[in-house]
Amino acid sequence: MRYQELISTYPVDKFYPGWSDLTKEHFQKAMQEITEVLGGFDMWSTTDGKYLRCGFKRLSAKTGNHLFHISLKQETFKLGLNYRKCRVGEDLLKSGRWESDNTRNQYQTYYNWHGNDYNKELSELISVLKLSKNKEYFKPSLPTIDMTTTPVDYEKFKEMENKFANVKYFVDHYLRCSEDTQRAFCGIISQSRVENLDCFANNPAKGFNLRLGRKDLDSPKSDRVFAEFYPSGSGIRYEIRFVDGITLPNSKDSGRPKGEVDANAVLEFQKYYSNQFKQTFTVDRSPYWPSDYNDELSSLPNEQEQTSKESSMQTPYLSQILFGPPGTGKTYNTIEKAVLAAEPNFEWYENRELLKSKYEELVDENRIRFVTFHQSYGYEEFVEGLSVKVVDGQPHYFVKEGIFKRIVKEAISSFESDEDTKNYVLVIDEINRGNISKIFGELITLIEKSKRKGQKEAIELDLPYSGEKFSVPNNLILIGTMNTADRSLAVMDTALRRRFDFTEMMPNSSVLKPKSSSTAFDIDLVTLLDTMNQRIEYLLDREHTLGHAFFIDVIELVDENKPEEAFSKLKEVFQNKVLPLLQEYFFDDWQKIRLVLGDNQKQDQRLVFVTSRPVELKVLFGTDEIGQFAEQESKFTLAPHGESVWDALQAYKGIYEVVS
């Protein structure tokens, strides 16, 4: 916990100076002991600044999930517990009093202590928080990430959001990032302000990349760049350029520190705020924000300033496609994106079970629907077509509605009602495997943002079978997934490319890092995946890399301290996922597969997955002359599943490092 920052900033700084030394000691003790039990928690202030709520609250959220609270008084402080977040422990609460929540008509909601006997009251709170049944129950009320917040962090976030208004593209991406990334980036920017660094976009008209450094307001170029940020997949990457007093060149072997923005990145930045840095970047003025540059760019076109119901229902992406190699979590992430598209204000507190529960609820309400495209899928199944049923022995033809027409009709019904409009979501898995022209037909035009119902250029078409008028409203969001190993983005249907926003999802090896550094599992999954992907990208392309999702089950077993089960799962992943994919990627070019697996570098042949032996042409054909017709003069053999190499730890380590 950043205790010194907590007591020196709003709202605690209004009360703390008036407390006695003994009260200050008790406050510090309470923060330390509660932190030891919970392992970290967020703290935010109520509107009147008289309470601290503690639990989990996203930076961008208006409300949080609070577990306990602290009432701030001029001469003291008082602890309180939100007992709704607990399952057991009522009999341990004896020194305070119960209060009901009249707004929810619930009795025994909050338990508040009087602040008379700090040690006894803190002991009661700790005893309830320690109970194992409670710990499991109030997980959603605690952050699951490395960085916790204090009230000042939420003020910093609001300020940063306002100051970044004219780099809209970057901000849109930032707000879709994970809470971990948002907190880390906000922390880095806040520290850069302390270090007196300007923050500016290197291309303000697009605003995709942000830089820290020195740039005057009237200068077309920066004087010096310390670091740069740019969107990448579902996160943000950084690159530090200024190290030990020099600007490192832009080359592969320059050694520029780089990586994903996360809790470790915050520490990484702090390392490079050196004396040489201060001598180079310090100036006698306040640092500039992005909003200080090119103010005219922050003004929006008139069509984006509408406040009508039609425009208020729009989301940043009415039609989007998640694309990337296999195993990068595209389908996995559609659950979150679908839920937040349908219910933008839903708070799931990084609790996957809570998110899945909401997803299933929305599916039951038919507000989220799922369909998979394939080669034989067509307009008749997707929109409408003729079907037949037999009545009294006679065939009767009728128009059968497809999934797209049904969800559009329900979305329009909500859109045109007098009640609050609800969003509807259609998830299209494997969208690139279908024939888009055949499936959407003339309706491909209707999903375009400007052609949707209620817009100035809205279009309404007649359906070919039913003859009904048909249009697509703004409260229908389309989310597609696309496997780039099946079909490159470059050869996608042009009509589809123009009408969908594309979000790339590449392998994220950082999620394979163990939670504990003392794990008994001796294989570095991060380096293992990165090494194989670097080789695949060089030999083939980045669209055919291996996704991190293949190894998620392995790292989960590692975090559960089950190294033997984790190794067994890793063996299974290589046998049933990695090797079959590599065979498909390289069309059984075993020499390249050996390069990816590092088999060509292993001195001990017992650690080789794919063996290579020369073909004795004379023995096989009776002559050496056949060699000019042969495609290769080596025979490659993949070790059968029962071979010892699959159980050899060093065989896997040999993929990314030299083993003896």
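Reader: Which residues form a nonpolar patch on the surface?

Author: This is a predicted model: local features need pLDDT of at least 70, side-chain atom pairs count only at pLDDT 80 or more, and totals for chains, interfaces and linings use all residues. Residues are numbered from 1 along each chain as its sequence is written, and side-chain values use heavy atoms, leaving out hydrogens and water. Patch members have over 30% relative accessible area and no salt bridge, with like charges joined within 9 Å and nonpolar side chains (Val, Leu, Ile, Met, Phe, Trp, Tyr) within 5 Å; a salt bridge puts a side-chain nitrogen of Lys or Arg within 4 Å of a carboxyl oxygen of Asp or Glu. Together they have about 250 Å² of accessible area (Shrake-Rupley method, 1.4 Å probe, only the protein chains shown counting as cover for residues), and they are Leu386, Val399 and Tyr465.

Reader: Is Val399 buried, exposed or partly exposed, and what is its relative accessible area?

Author: Val399 sits in strand S17, residues 394–401. Strands (E, at least two residues) and helices (H or I, at least four) are DSSP runs, numbered from the N terminus. Buried means under 20% relative accessible area, exposed over 50%, and partly exposed in between. Val399 is partly exposed, at 31%.

Reader: Which strands stand at the edges of the open sheet of 5 strands?

Author: The order is S15-S18-S21-S14-S22, with parallel pairing. Two strands pair if DSSP finds at least two bridges between them. An edge strand here has a single partner, so one of its sides is left without a neighbour in the sheet. The edges are S15 (368–372) and S22 (501–504).

Reader: Which residue of S18 is the bridge partner of Phe370?

Author: S15 and S18 (residues 424–429) run parallel and are joined by 5 bridges. In S18, the partner of Phe370 is Val427.

Reader: At what angle does helix H14 run to S18?

Author: H14 (residues 403–415) lies across S15, S18 and S21. Contact means heavy atoms within 4.5 Å. Axes are lines fitted to C-alpha atoms, for helices over the stretch in contact, and angles run from 0 to 180 degrees between N-to-C directions. The angle to S18 is about 160 degrees.

Reader: Which residues is Asp429 in contact with, leaving aside its neighbours within four places in sequence?

Author: Asp429 is in strand S18. Its relative accessible area is 12%, so Asp429 is buried. Beyond those sequence neighbours, its contacts are Thr331, Phe370, Val371, Thr372, Phe373 and Thr481.

Reader: Which residue takes a positive phi in the hairpin of S1 and S2?

Author: S1 (residues 42–45) and S2 (residues 51–56) run antiparallel, joined by 4 bridges. In S2, Gly55 is the bridge partner of Asp42. The hairpin has 5 residues between the strands, and the positive phi, near 75 degrees, belongs to Gly49.

Reader: How many bridges join S2 to strand S3?

Author: S3 covers residues 65–72 and runs antiparallel to S2. One pairing is Phe56 with Asn65 in S3. The bridges number 6.

Reader: What is the relative accessibility of Asn196?

Author: Asn196 lies in the loop between helix H7 (179–194) and strand S7 (198–201). Its phi is positive, about 70 degrees, although Asn196 is not a glycine. Asn196 counts as buried, at 14%.

Reader: Which two residues does a cis peptide bond join?

Author: Look in the loop between helix H1 (3–7) and helix H2 (21–38), where Pro11 is found. Omega is about 0 degrees for the bond between Tyr10 and Pro11.

Key. Buried < 20%, exposed > 50% of the residue type's maximum accessible area, 1.4 Å probe, protein only.
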